[in-house]
Amino acid sequence: MNGPRYTSHMISRAPQKWLAAVSAATVAALAAGQAPQTPPAADAAPALPPRYEVEIIVFANRRFDPTEERFDVTLNGLGAEPLAPLAAPPVFDETTLGQPGPRAAPPPALDSALLDALRVRPLRPEELRLGNEYRKLAAISAYAPLLHAGWVQPGLPEGEAPVFDLATLGVWNPRGTVRVHLIQFLHITLDLTYEAAARGATPLGGAPPLTVGDGLDELSVVPRYRLTATRRVRSGELHYFDHPAFGVLVRITPVPAPGANSSGRRPAA
């Protein structure tokens, strides 16, 4: 036998004080001859999202020749997309002035550990790990490194993942955004634009700036090249995104959970 079994008749004869102290689920478990399960504590701390280091290198291709093939080019953003219609301005009158609006409910208090897990912070120069790759690119005359940076962010689902804007780092060429999110596996989405050179200068690729108009009305504009891509990636691996005008190297590294030892890194996604 596997131990005493309790019938509904035996349970009905138990003291009323004992019955009041147990839940219906516990009674059902005892009646079935199973060990009762302890319910989770109501004030249990929420699970913290995993955190990742995202490191990126962007480099230009000096040997890129835009005359070899046709590429999507934006002339400094002029005429790239139709202008959106202007929204109607808000209308105010004396009946609306001074009227207090509905008071928003105060935001829920978040645990400090959760706040820290959701925080996005740039990596310091000494925290970057792709220094060798950056130096190798700088040593090759065909390439010109444009950016080497990184940040720490939480691993969240697609609709909740932060979108990191390179402008946060004070970078304007290349410009754009990088998003890392989890859909069972890690995914990265790039939307970057590279301007071949400053206005009036010779682009890194060697092609001169485009000229619009003639005489005093001439205006030199520099083409911009855009790279958009979404890819499933594995953490700890170096990933390369290619465009004829420029390239991108990305590596995503799991951050150990608080209190974990040196070998307690999260598994690669």
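This passage describes the overall make-up, nonpolar cores, enclosed spaces and local backbone features of a predicted protein model.

The model is predicted, so that local features require pLDDT of at least 70 and side-chain atom pairs count only at pLDDT 80 or more, whereas totals for chains, interfaces and linings use all residues. Residues are numbered from 1 along each chain as its sequence is written, and side-chain values rest on heavy atoms, with hydrogens and water left out.

The protein chain contains 5 helices and 12 strands, taken as DSSP runs numbered from the N terminus (helices H or I, at least four residues; strands E, at least two). Of its 269 residues, 30% are buried, where buried denotes under 20% relative accessible area, exposed over 50%, and partly exposed in between (1.4 Å probe, protein chains only). Among contacts (heavy atoms within 4.5 Å) between residues at least 6 apart in sequence, 64% join residues at least 24 apart.

In soluble globular proteins, nonpolar side chains tend to be buried together. A nonpolar core is here a set of buried Ala, Val, Leu, Ile, Met, Phe, Trp, Tyr and Cys residues joined through side-chain atoms within 4.5 Å. The largest such core comprises 31 residues, with the most internal contacts made by Ile-56, Ile-188, Leu-192, Phe-246, Val-248, Val-250 and Ile-252. Two or more residues of this core are given by each of β1, β4 (143–154), β6 (175–183), β7, β10 (223–233) and β12 (246–255). Val-248, apart from neighbours within four places in sequence, contacts residues including Ile-56, Phe-59, Leu-190, Leu-192, Leu-227 and Tyr-240. A second, separate core of 5 residues includes Phe-59, Leu-130, Leu-137 and Leu-249.

Open and enclosed spaces were located on a 1 Å grid over the protein atoms alone: a cavity is a set of points where a 1.4 Å probe fits but cannot get out, a pocket is an open set with protein on both sides within 12 Å along at least five of seven lines, and lining residues have an atom within 4 Å of a point. Grid points are joined across faces, edges and corners, and a volume is the space filled by probe spheres set on the points. The second largest pocket holds about 230 Å³. Its lining has 16 residues, with Arg-51, Asp-116, Val-255, Pro-256 and Pro-258 nearest the centre. Both β1 (51–61) and α4 (112–118) supply at least two lining residues, and α4 provides the largest share, 3 residues. By class, this lining has 10 nonpolar, no polar and 6 charged residues (nonpolar: Ala, Val, Leu, Ile, Met, Phe, Trp, Tyr, Cys and Pro; charged: Asp, Glu, Lys and Arg; polar: the others, Gly among them).

A search of the whole structure yields 1 cavity of 30 Å³ or more. The largest cavity is lined by Trp-172, Asn-173, Arg-175, Thr-193, Tyr-194, Glu-195 and Arg-224. Strand β7 (residues 185–195) contributes most to this lining, with 3 residues.

Most residues other than glycine have a negative phi, and most peptide bonds are trans. The bond from Asn-173 to Pro-174 is cis, with omega near 5°, and Pro-174 lies in the loop between β5 (163–165) and β6. Gln-184, not a glycine, has a positive phi of about 70°; this residue is in the loop between β6 and β7 and is exposed, at 71% relative accessible area. His-187, in strand β7, is buried at 16% relative accessibility. A polar atom of the His-187 side chain lies 3.0 Å from the backbone oxygen of Phe-185.

Terms used. A polar contact is a pair of N or O atoms within 3.5 Å; within protein, one must be able to donate a hydrogen and the other to accept it, and residues adjacent in sequence count only if both atoms are side-chain atoms.
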